[in-house]
Amino acid sequence: MSEKHNHPKDEEHHDHDHCVESALQTAEALCLEQGQRLTKVRRRALELIWESHRPLGAYQLLAKLAEEGFNSAPPTVYRALDFLLGAGLIHKVESMNAYLGCVHADKAHKGYFLICDECHNVMEFDYQDIHSSLIDKAKKQGFELRAETIELTGLCAACKSAGEAAKKAAKDKS
């Protein structure tokens, strides 16, 4: 099992610049390998998506790009997002209609997500055995699988812990 957090809970010790720089290096290498261009808009969109580690909606991205003087037309943003998705540099978190930087962009995979109902942090995990199992089960049913989205919701460890601490504190008061 390979799990990676897209939004570290211990933010005061987390270096966002390292994540952004790493994502950009991966993007540049993939674009070079695929004969694609990482245009200014694509590059900045990727940077903005990675800056907070939280899923970012297209219109949030559009607003941020417009603030910085980029073309503020929705097609510009959607073209950049389509490129980044196609290159495997980001994922779409369907239930949130938002985009998240891919922590495994350097290898082909299916992204699955754990989404916290409290803080809305998202953790990507990569289970190739789940993907293989889904493909096998679909084939046995004669079903041609075209897309898959696995998003599990609940409480992250930090929010669960905070909730338990709050309950304990309330109980101790009574």
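This is a short talk about the salt bridges in this structure.

Okay, so before anything else: what we're looking at is a predicted model. I went through the charged side chains, and the count comes to 6 salt bridges. I'll walk you through a few of them.

Let's start with Arg 44. Which partners does Arg 44 have? One is Glu 47, where the closest N and O atoms sit 3.1 Å apart. Another is Glu 68, and there the closest N and O atoms are 2.6 Å apart.

Now, where do these pairs sit? The Glu 47 pair stays inside helix α2, residues 40-52, with the two residues 3 apart, so about one turn of the helix. As for burial, Arg 44 counts as buried at 16% relative accessibility, and Glu 47 is buried too, with a relative accessible area of 16%.

The Glu 68 pair goes further afield. Arg 44 is in helix α2, while Glu 68 is in the loop between α3 (58-67) and α4 (74-86), so this pair ties together parts that are 24 residues apart in sequence. And is Glu 68 buried or partly exposed? Partly exposed, at 39% relative accessibility.

Put the shared partners together and you get one network: Arg 44, Glu 47, Glu 51 and Glu 68 are joined by salt bridges.

Last one, elsewhere in the chain. Glu 144 forms a salt bridge with Arg 146, with 3.5 Å between the closest N and O atoms. Here both Glu 144 and Arg 146 are exposed, whereas back in helix α2, Arg 44 was buried.

That's it from me, happy to pull any of these up on screen.

Technical notes:
Residues numbered from 1 in each chain as written. Predicted model: local features only at pLDDT ≥ 70, side-chain atom pairs only at ≥ 80, totals over all residues. Heavy atoms only, no water. Salt bridge = Lys/Arg side-chain N within 4 Å of Asp/Glu carboxyl O. Helix = DSSP H or I, 4+ residues; strand = E, 2+ residues; numbered from the N terminus. Buried < 20%, exposed > 50% of the residue type's maximum accessible area, 1.4 Å probe, protein only.
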